[in-house]
Amino acid sequence: MQETAPEPTLPSSSFNIGNIAIWTAVALILAVIGWGLLNSQATRPEVGHTPPNFDMAFFPTYGLDNQTQTSLADLQGKVVVINFWASWCAECKVEANELETTWQKYQDQGVVFVGIAYADVESKSIDYLHEFNVTYPNAPDLGGRISHDYKITGVPETFFIGKDGKVAKVQIGPIDEATLHTTLDQLLQE
Amino acid sequence: MKATLTFRWLFYGFALSLLLAGVVLPVHAQRAISDDEVNAIAKDLFCPVCESTPLDVCPTQACADWRELIRTQLAEGKSRQEIIDYFANQYGDRVLAEPPRHGFALLLWLFPGIAVLAGGTLFVRFLRQTIRTESVSPPVAPSHQPLPEPSDDYLAQIEQELSQR
């Protein structure tokens, strides 16, 4: 009796639906992990580095030179002070008068102050600006994009940008008038 | 005479409309919004200051302000979705308890389905491969092998020894 040889089986194609599903799942897992790692490892702009550019849509009557909106890139060549604050923040009230006084002193010397209201209700922000007689440009952090890019860990935080467009100093917590003056004098001389 | 009567009825109708508008509209605009109504929306938002704390239970001033904002918007007649959208637009998607169903966050919604699909596919392939291996593999020798038959000489020797006892 002659034995029948088993039929040769063709190797299955590596492009079947199963393989596609598996590789798609692997790619998705890697994408999600990568995204999480990128977000967790990103740090705030460091001294000497170029800070992220951002657009600002100012609160009514709190614009810059009658502009209702601008971007950080438009302020290149000036010393820029970016102050993150909120009306619900008790420590922000400590520095509010000192920021305004310093702005009054330096606004004609090529210095621009920009207040960014973080996670604040707009009507409360406006009340706060009136309460502390703030006159320098202020804008809400729309969509939380600016605070996200600058990786702030709370308010208040203040970033000093030099004429070269790079971060010169980062102040975590309230800032006093002496530090403001010293830093601005130094940056204006560079 | 008839024209005067018609005019009079028109006047009464107009006066009644004014009265209703004066009473009903302010009542609607000033409807008291309960804490439960506010918290029903606040529970789907996260505090901007604390890590992963729902807005309805957060004790910070920032959250109190946000809850008041929800109350104001409810009083203005805004729907739940309009308020959620406002917060996402104003403060970013990260304040939403549920990730948005667009952009990169859509992956988070698709991921479980794709993981189940991929896992199911892997399981089916494993089953198929196991069945195929069993059907084409050569017959396995039985583990219980019969002992070899004792030789005639050996049997004769045993019988002889038994008879001597």
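These exercises walk through a predicted model, with a worked solution after each task.

**Exercise 1. A strand and its surroundings**

Task: Find out how many residues of strand β3 of chain A are buried, and which way their side chains point.

Solution:
- Step 1. Locate the strand. β3(A) covers residues 79-85.
- Step 2. Apply the cut-off: a buried residue has under 20% relative accessible area. In β3(A), 7 of the 7 residues are buried, and the strand is mostly covered.
- Step 3. Sort the residues by direction. Val79(A), Val81(A), Asn83(A) and Trp85(A) point one way. Val80(A), Ile82(A) and Phe84(A) point the other way.

**Exercise 2. The strand's partners**

Task: Determine which strands pair with β3(A), and in which sense each pair runs.

Solution:
- Step 1. Take β4(A), residues 111-117. It runs parallel to β3(A), and 7 bridges join the two.
- Step 2. Pick one contact from this pair. Phe84(A) has Ile116(A) as its bridge partner in β4(A).
- Step 3. Trace the connection. β3(A), helix α2(A) (residues 90-106) and β4(A) form a β-α-β unit, and the unit is right-handed.
- Step 4. Turn to β6(A), residues 157-161. This strand pairs with β3(A) in the antiparallel sense, over 5 bridges.
- Step 5. Pick one contact here too. Val81(A) has Phe160(A) as its bridge partner in β6(A).

**Exercise 3. A salt bridge across chains**

Task: Explain why the salt bridge of Asp65(B) and Lys124(A) joins two chains, and classify both residues by exposure.

Solution:
- Step 1. Recall the principle. Side chains of opposite charge can pair when their charged atoms come close.
- Step 2. Check the distance. The cut-off is 4 Å between nitrogen and oxygen. The side chains of Asp65(B) and Lys124(A) meet at 3.7 Å, N to O.
- Step 3. Place each residue. Asp65(B) lies in helix α3 of chain B (residues 61-75) and Lys124(A) in helix α3 of chain A (residues 122-131), so the pair joins two chains.
- Step 4. Read the exposure. Asp65(B) has a relative accessible area of 5%, so this residue is buried. Lys124(A) has 34%, so it counts as partly exposed.

**Exercise 4. Salt bridges within chain B**

Task: Describe the salt bridges of Asp35(B) and Asp44(B).

Solution:
- Step 1. Start with Asp35(B). Its salt-bridge partner is Arg71(B), with the closest N and O atoms 2.8 Å apart.
- Step 2. Compare positions. Asp35(B) is in helix α2(B) (residues 35-42) and Arg71(B) in helix α3(B). The two residues are 36 apart, and the pair links distant parts of the chain.
- Step 3. Widen the view. A network of salt bridges links Asp35(B), Glu68(B) and Arg71(B).
- Step 4. Move to Asp44(B). This residue forms a salt bridge with Lys43(B), the closest N and O atoms being 3.6 Å apart.
- Step 5. Add the exposure. Asp44(B) is partly exposed at 24%, and Lys43(B) is partly exposed at 44%.
- Step 6. Note the total. The count over all chains is 6 salt bridges.

**Exercise 5. The largest pocket**

Task: Give the volume of the largest pocket and describe its lining.

Solution:
- Step 1. State the volume. It is about 1300 Å³.
- Step 2. Find the centre. Among the 42 lining residues, the closest to the centre are His148(A), Glu51(B), Asp93(B), Arg94(B) and Val95(B).
- Step 3. Sort the lining by class. There are 20 nonpolar, 13 polar and 9 charged residues.
- Step 4. Name the contributing helices. α1(A), α4(A) and α4(B) each supply at least two lining residues. The largest share, 4 residues, comes from α4(A).

Notes:
Residues are numbered from 1 along each chain as its sequence is written. Chains are lettered from A and ligands numbered from 1 in the order in which they are written. This is a predicted model: local features need pLDDT of at least 70, side-chain atom pairs count only at pLDDT 80 or more; totals for chains, interfaces and linings use all residues. Side-chain values use heavy atoms; hydrogens and water are left out. On a 1 Å grid over the protein atoms alone, a cavity is a set of points where a 1.4 Å probe fits but cannot get out, and a pocket is an open set with protein on both sides within 12 Å along at least five of seven lines; lining residues have an atom within 4 Å of a point. Grid points are joined across faces, edges and corners, and a volume is the space filled by probe spheres set on the points. Ala, Val, Leu, Ile, Met, Phe, Trp, Tyr, Cys and Pro count as nonpolar, Asp, Glu, Lys and Arg as charged, and the others, Gly among them, as polar. Buried means under 20% relative accessible area, exposed over 50%, partly exposed in between (1.4 Å probe, protein chains only). Two strands pair if DSSP finds at least two bridges between them. A crossover is right-handed if, with the strands pointing away from the viewer, the path from the first strand over the helix to the second runs clockwise.
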